[in-house]
Amino acid sequence: MRTGKDAGFIHIFGKQPVQEALTGGWPVKEILLRGQVQDDFLKSVASAAKKVGIPTVSLEPPAFDRRFVRASQGVVAIVKDVESFGLDEVMESIPKERHPFFVALDGIEDPHNLGAIARTAYAMGVDAVVTPRRRSASIGEGAAKASAGAIFRQPICQVANIHYFTKWAKDNGLWVYGLDAQGKDTLWDTDFAGGVALVVGSEGRGISRLVRERCDFLVRIPMSGSIGSLNASVAAGMAIMEVQRQRQKA
C-alpha cells in the first residue's frame with residue numbers, strides 16, 4: 001500500500017521502462033533523475049518528457065538513493081495510479097445494443113499475469129477486468145509493464161470478492177462461465193450468447209470452490225500431451241478470443 005506523497009502513484013524504474021511509459025502515452029506525472037544527467041540516453045528521456053509537458057526533476061544522489069533503494073539506472077517515472085471503476089458504472093456505459101463482457105480474476109497473484117490479461121482484454125474489447133481487493137496481484141509496476149500500458153486504459157473494477165461479482169453478474173442478466181480444467185464442456189463447444197462474465201483462476205489452484213459453485217457453466221480448454229494446465233494469462237486470452245470470435249460470427 002502506498003502512503004504519503006507516493007499514495008496514488010506507481011513508480012516505473014529504469015531507462016527502457018521509463019522511455020516506454022513516455023512513448024506509450026502512460027499518465028506520467030513526473031520524471032525523477034539521479035543528479036545531473038550526463039548519460040545521452042537519459043538526456044533523450046528528459047527531452048522527450050519536456051516535449052509532452054512532463055516535468056523532469058533532478059535529485060541529489062543521496063536523496064534519490066534514500067527514496068529509491070533499488071536499481072533504477074538513475075531514472076524513475078512517477079505514473080498516476082490505475083483508476084478503479086464501479087461495476088454499475090461500467091454497465092451503464094455499455095451501449096444497449098451490445099452484450100456486456102466482463103472478465104473476473106479469481107486468485108491471480110502474479111502481477112505479470114494480471115498485466116498480460118489486461119492487455120489482451122483491452123485489445124479484444126472486454127468491458128472490464130474484475131479483481132478482488134484482497135489475495136490478488138497488485139496493480140503496480142509489474143502489471144503496468146506487462147500490460148504495455150493497457151492497464152491504464154482498460155477499465156478495472158475492484159470488488160470485495162469474486163463471489164460478490166458472480167451474484168452481481170447474475171442479477172444483471174449475465175451468464176457466468178468458469179474456466180476450469182474439470183469443466184464438462186470445452187471452450188469450442190460452448191455457446192457464449194448473451195452477456196458474459198468469464199471467471200479465470202490461478203494456474204495452480206484454479207477458481208475457488210465457492211466461486212465454482214456459483215458459475216452457470218464450467219468450461220475447459222481441450223488439452224493434448226502431458227501438460228495439464230496453461231499459464232493463466234494464456235488461458236484467459238484463448239477464452240476471451242473465443243467469446244469475441246463467436247460474437248463477430250453471429
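In this predicted model, strand E8 (residues 175–179) and strand E10 (residues 196–201) run parallel and are joined by five bridges. Within this pairing, Val176 has Ala197 of E10 as its bridge partner. Strand E8 also pairs with strand E11 (residues 217–220), again in the parallel sense, and here three bridges are found. In that second pairing, Tyr177 has Phe217 of E11 as its bridge partner. Strand E8 is mostly covered, since four of its five residues are buried.

Aromatic residues also appear in this part of the model, where Trp175, Tyr177, Phe192 and Phe217 form one aromatic cluster. Tyr177 and Phe217 are therefore linked twice over, as bridge partners and as members of one aromatic cluster. Elsewhere, the short strand E9 (residues 185–186) contains Thr186. With a relative accessible area of 10%, Thr186 is buried, because the limit for that class is under 20%. Apart from its neighbours within four places in sequence, Thr186 is in contact with Arg220 and Pro222.

How many aromatic pairs does the structure hold? There are nine aromatic pairs, and two of them, which share Phe165, are set out in the table below.

| Aromatic pair | Arrangement | Centre to centre | Angle between the planes |
|---|---|---|---|
| Phe102 and Phe165 | tilted | 6.1 Å | 45 degrees |
| Phe165 and Trp168 | stacked | 6.0 Å | 25 degrees |

The pair of Phe102 and Phe165 brings together a strand and a helix: Phe102 belongs to strand E5 (residues 101–106) and Phe165 to helix H7 (residues 162–171), so this pair ties together parts that are 63 residues apart in sequence. The pair of Phe165 and Trp168, by contrast, lies within helix H7, where the two residues are three residues apart, about one turn of the helix.

Are Phe102 and Phe165 buried or exposed? Both Phe102 and Phe165 are buried, and for Phe165 the relative accessibility is 0%. Trp168 has a relative accessibility of 7% and therefore counts as buried too, as this value is under 20%.

A further ring takes part in a contact of another kind, in which the charged end of Lys29 sits over the ring of Phe9, at 5.4 Å from its centre.

Key. Residues numbered from 1 in each chain as written. Predicted model: local features only at pLDDT ≥ 70, side-chain atom pairs only at ≥ 80, totals over all residues. Heavy atoms only, no water. Phe/Tyr/Trp six-rings, centres within 6.5 Å; stacked < 30°, edge-to-face > 60°. Buried < 20%, exposed > 50% of the residue type's maximum accessible area, 1.4 Å probe, protein only. Lys NZ or Arg CZ within 6 Å of the ring centre and 35° of its normal. Pairing = 2+ DSSP bridges. Contact = heavy atoms within 4.5 Å.
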